[in-house]
Amino acid sequence: MQMQRRKVKSEFFNQINAVIDWHPLRALIEPAYAKGFSPTGRPCYDCMVLFRMELMRMWYGLSDGEIEEQVNDRLSFSRFAGLGMDDAVPDSTTLCRFRNALVKSDVYDRLLSEVNRQLSSRHVMVTTGVIVDASVTDSPRRPRGQKEYDVVEDRHEDEGVDTANAKLVEKPRPGVDTEARWVKKAGKCHFGYKRHTVVNQDGLVIAEETTPANESDIKHLVTPLEKAGLEQGIAVMADKGYDSSENRKALSSMKLKGRIMHKAQKNRPLTEREKAVNKAVSKVRYAVERTYGSMHRWFGAGIARYVGLAKTHAQHIMEAIAYNLYRTPGIIVSNCIK
């Protein structure tokens with residue numbers, strides 16, 4: 001409730017402005033967003049106006065049209081966006097083109113890294129260990145009316161199923177997201193994507209990777225960790241879905257401490273030591289579950305707003321940036337009390 005009360009006040013925007021230096025973010029965004037004039041002859045909007053509107057849209061769970069309306073209607077919104085009383089507010093079409101330009105330039109991962117760099121410099125993001133986990137993002141643009149689908153059981157790597165080549169059995173109908181895939185998780189079928197997330201011990205998001213939903217977790221441990229750029233000696237915790245000799249060797253070669261939960265094998269039960277490791281890791285994995293849960297409650301995460309893998313990955317990154325910044329004022333206050 002305290003978080004809810006804070007976010008509807010202009011003080012929250014002031015706190016973010018006090019923490020974040022927008023100039024490095026501008027340096028990343030400007031090359032990706034066209035300057036000068038639009039095809040209709042109107043001047044292009046400042047890229048940081050659009051990026052700040054994107055942040056507010058995430059924080060408040062708004063559509064493009066709704067954030068345009070809020071910036072027009074609320075003084076605190078227009079001030080945070082960097083607009084004056086006489087400035088025109090970008091419309092929903094402009095916001096859509098802005099996102100597409102950033103997706104085309106593949107700049108989103110770098111934006112998350114820059115925000116995290118600034119948070120680390122202010123001791124908001126302190127990383128002594130990381131947790132890796134995956135969550136499904138459902139796409140509402142699923143195929144309907146077909147008689148047969150290729151549905152993959154989540155974490156079925158023990159059965160040797162090739163998830164990378166799993167696909168829709170029939171040709172998809174118009175309106176279907178052709179890059180999304182089916183997966184069966186906890187007895188329920190999902191159509192969409194999977195986000196592979198690295199968080200620190202406080203649950204702040206360090207890196208994201210996005211794949212079709214049918215791809216196994218076990219194959220996507222190294223890439224998000226490489227994006228995270230962790231220092232040597234950091235402990236990496238993950239559940240048994242990531243347990244493989246290849247992953248343990250990869251962590252060793254990256255000079256990271258492997259804390260992957262052990263999975264019992266046929267005719268080889270867990271040892272007492274492996275049980276103790278599993279118990280220790282399970283006690284701290286709640287941080288990533290809390291992150292996913294908070295994103296769902298605060299930002300409406302878990303549903304793909306756009307079509308395609310690249311655009312859904314951009315959504316995941318913006319949710320991660322919004323989440324980290326959303327928690328920042330509270331972490332600063334907590335650090336001051338300590």
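Contact, as used in these legends, means heavy atoms within 4.5 Å. Every view comes from a predicted model.

**View 1. Helices α3 and α8 run side by side.** With that cut-off in mind, here is who touches whom: P24, L25, L28 and I29 of α3 meet R110, L111, E114, V115, R117 and Q118 of α8. The two axes are 10 Å apart, and the packing angle is about 165°. That angle makes α3 roughly antiparallel to α8. As for handedness, α3 and α8 make a right-handed crossing. In sequence terms, α3 covers 22-29 and α8 covers 108-121.

**View 2. The whole chain, for orientation.** Before zooming in again, a quick inventory: the protein chain has 13 helices plus seven strands. It runs to 338 residues, and 51% of them count as buried. Take the contacts with a separation of 6 or more: 67% of those join residues 24 or more positions apart.

**View 3. The largest nonpolar core, with F51, M56 and W59 picked out.** This core takes in 83 residues, and F51, M56 and W59 have the most contacts inside it. Helix α4 (residues 47-60) supplies the largest share, 11 residues. There is also a second, separate core of five residues, with A180, W182, F191 and Y193 among them. For background, nonpolar side chains in soluble globular proteins tend to be buried together. What does M56 touch once neighbours within four places in sequence are left aside? The list is F13, I67, V71, F77, F80 and A81.

**View 4. Helix α2 crosses α4.** One of those M56 partners, F13, sits in α2, which spans residues 10-19. The meeting residues are F12, F13, I16 and N17 on the α2 side, and R52, M56, W59 and Y60 on the α4 side. The axes come within 13 Å and cross at roughly 130°, so α2 and α4 are oblique to each other. The crossing is a right-handed one.

**View 5. Helix α7 and what its buried face packs against.** Start with a sanity check on geometry: α7 (residues 92-105) has 14 residues, which at 1.5 Å a residue should span 20 Å, and the end C-alpha atoms are indeed 20 Å apart. Which residues of α7 are buried? They are T94, L95, F98, R99, A101, L102 and V103. These buried residues pack against α3, α4, α5, α8 and α13, the last of which covers 309-337.

**View 6. A closer look at T94 in α7.** Is T94 buried or exposed? Its relative accessible area is 3%, so T94 is buried. Not counting residues up to four places away in sequence, T94 touches Y33, Y45 and L50.

**View 7. Helices α5 and α7 pack with their axes 8 Å apart.** The angle between α5 and α7 is about 120°, which makes α5 oblique to α7. The crossing of this pair is right-handed. On the α5 side the residues to look for are D64, G65, I67 and E68, and they meet S92, L95, C96 and R99 in α7. Two of these names return from earlier views: I67 is among the contacts of M56, and L95 is one of the buried residues of α7.

**View 8. D106 takes a positive phi just after α7.** The value is about 55°, although D106 is not a glycine. As a reminder, most residues other than glycine have a negative phi. Where is D106 found? D106 lies in the loop between α7 and α8. Since its relative accessibility is 54%, and exposed means over 50%, D106 counts as exposed.

**View 9. H123, another non-glycine with a positive phi.** Here phi is about 60°. H123 belongs to the loop that links α8 and β1, where β1 is 129-138. A relative accessible area of 57% makes H123 exposed.

How values were computed:
Residues are numbered from 1 along each chain as its sequence is written. This is a predicted model: local features need pLDDT of at least 70, side-chain atom pairs count only at pLDDT 80 or more; totals for chains, interfaces and linings use all residues. Side-chain values use heavy atoms; hydrogens and water are left out. A nonpolar core is a set of buried Ala, Val, Leu, Ile, Met, Phe, Trp, Tyr and Cys residues joined through side-chain atoms within 4.5 Å. Buried means under 20% relative accessible area, exposed over 50%, partly exposed in between (1.4 Å probe, protein chains only). Helices (H or I, at least four residues) and strands (E, at least two) are DSSP runs, numbered from the N terminus. The expected span of a helix is 1.5 Å times one less than its number of residues. Axes are lines fitted to C-alpha atoms, for helices over the stretch in contact, and angles run from 0 to 180 degrees between N-to-C directions. Angles under 35 degrees count as roughly parallel, over 145 as roughly antiparallel, 65 to 115 as roughly perpendicular and the rest as oblique. A crossing is left-handed if the near helix is turned anticlockwise from the far one by less than a right angle, and right-handed if clockwise.
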